[in-house]
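I opened the notebook to record a few things I looked up in this model. Here are my entries, in the order I made them.

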Amino acid sequence: MIFLKTDEEIELLRESNLILGKALAEVAKAIVPGVTTAQLDKIAEEYIRDNGAIPSCKGYEGYPATLCTSVNEQVVHGIPSDKVYLKDGDIISVDTCVLKNGFHGDSAYTFPVGEVSDDVMTLLRTTKQCLYLGIEQAVTGKRIGDIAATIQITAEKAGYQVVREFIGHGIGRDMHEDPEVPNYGRRGNGVVLKSGMVIAIEPMIMSGRRNIIIENDGWTARAADRKPAAHYELSVAVRNGKADILSTFDYIKEVLGERYI
């Protein structure tokens with residue numbers, strides 16, 4: 001069932017998402033060669049709890065951490081560890097959810113670590129472009145397939161592949177709600193978008209083949225060919241004429257400055 005949100009509920013969703021955006025910015029300050037993903041997780045959890053919210057990924061279906069930290073060929077759901085040290089030239093997707101006032105926020109950002117190759121930076125820029133072009137389709141009267149097709153076409157024109165096993169979703173009182181929001185599909189297909197729908201759009205784009213493998217931890221998904229993957233996500237409310245972006249990368253931009261892509 002798809003739950004349309006009232007304007008008041010959308011503002012509560014925005015509050016959760018803003019806390020999340022600020023938490024990711026705190027993480028961004030610490031992303032340097034030599035830091036562990038467990039250290040990043042600690043920073044995020046402390047910031048979220050200090051601001052009256054709950055890290056809603058932690059404990060979700062047994063997931064053990066606040067953040068999903070996916071490095072290089074890892075696509076999503078990498079578990080933070082005190083054994084994983086970031087190195088110069090790595091990339092890391094940081095994905096998490098926040099619960100406050102009964103509503104969840106959801107966002108992800110892929111960060112370069114130190115000096116990253118031009119090819120990988122192009123992957124990051126293209127994946128973020130897929131996200132924003134998909135968001136442009138999140139308006140009343142369009143369909144889920146319009147978002148999905150826009151993301152797929154943009155990625156494939158650039159020579160990349162789209163993950164099929166993981167997709168975006170509705171969000172609200174539950175972290176994952178209807179409708180499903182794939183990153184591949186056909187224009188004009190799928191659920192009609194209505195004002196008040198709130199969805200998390202999250203392209204996961206592969207630089208090689210789109211096949212993935214789930215690691216032995218039961219969570220971490222990585223590219224089967226071990227080529228880099230990128231992931232960006234924002235939560236948006238469907239509106240007439242223009243989508244209302246509830247989460248934000250603005251605080252990350254303030255931290256990264258000239259390094260922001």
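**Entry 1: a hairpin.** I began with strand β7, residues 168-170, and strand β8, residues 177-181, in what is a predicted model. The two strands run antiparallel and are joined by three bridges. I then checked who faces whom, and found histidine 169 opposite glutamate 180 in β8. Between the two strands I followed a hairpin connection of six residues.

**Entry 2: a sheet of three strands.** Next I asked myself in which order the strands of the open sheet lie. The order is β3-β12-β11, and the pairing is antiparallel. At the edges I noted β3 (74-76) and β11 (212-214), each of which pairs on one side only. I also looked up the twist: neighbouring strands of this sheet are turned by 40 degrees against each other on average, with direction ignored.

I took a second look at one pair in this sheet. Strand β12 covers residues 221-223, and its antiparallel pairing with β11 rests on three bridges. Isoleucine 212 has alanine 223 in β12 as its bridge partner. A reminder to myself: strands of a sheet pair through backbone hydrogen bonds.

**Entry 3: threonine 220.** This residue caught my eye in the loop between β11 and β12. Is threonine 220 buried or exposed? Its relative accessibility is 2%, so I put it down as buried, the cut-off being under 20%.

I then looked for what surrounds it. The side chain of threonine 220 makes a polar contact with the side chain of aspartate 217, at 2.6 Å. Leaving aside residues up to four places away in sequence, I found that threonine 220 touches Gln74, Val76, His77, Gly78, Ile79, Ile213, Ile214 and Glu215. Gln74 and Val76 fall within β3 (74-76), while Ile213 and Ile214 fall within β11 (212-214).

**Entry 4: two helices.** Last, I turned to helix α3 (residues 118-136) and helix α4 (residues 144-157). How do these two pack, and at what angle? Their axes are 8 Å apart, and the angle is about 155 degrees. I therefore wrote α3 down as roughly antiparallel to α4, since angles over 145 degrees count that way. For the handedness, I noted that α3 passes α4 in a right-handed crossing.

To finish the page, I listed the residues that meet between these helices. From α3 they are Thr126, Gln129, Cys130, Leu133 and Gly134. Their counterparts in α4 are Ile147, Thr150, Ile151, Thr154 and Ala155.

Key. Residues are numbered from 1 along each chain as its sequence is written. This is a predicted model: local features need pLDDT of at least 70, side-chain atom pairs count only at pLDDT 80 or more; totals for chains, interfaces and linings use all residues. Side-chain values use heavy atoms; hydrogens and water are left out. Two strands pair if DSSP finds at least two bridges between them. Helices (H or I, at least four residues) and strands (E, at least two) are DSSP runs, numbered from the N terminus. Axes are lines fitted to C-alpha atoms, for helices over the stretch in contact, and angles run from 0 to 180 degrees between N-to-C directions. Buried means under 20% relative accessible area, exposed over 50%, partly exposed in between (1.4 Å probe, protein chains only). A polar contact is a pair of N or O atoms within 3.5 Å; within protein, one must be able to donate a hydrogen and the other to accept it, and residues adjacent in sequence count only if both atoms are side-chain atoms. Contact means heavy atoms within 4.5 Å. Angles under 35 degrees count as roughly parallel, over 145 as roughly antiparallel, 65 to 115 as roughly perpendicular and the rest as oblique. A crossing is left-handed if the near helix is turned anticlockwise from the far one by less than a right angle, and right-handed if clockwise.
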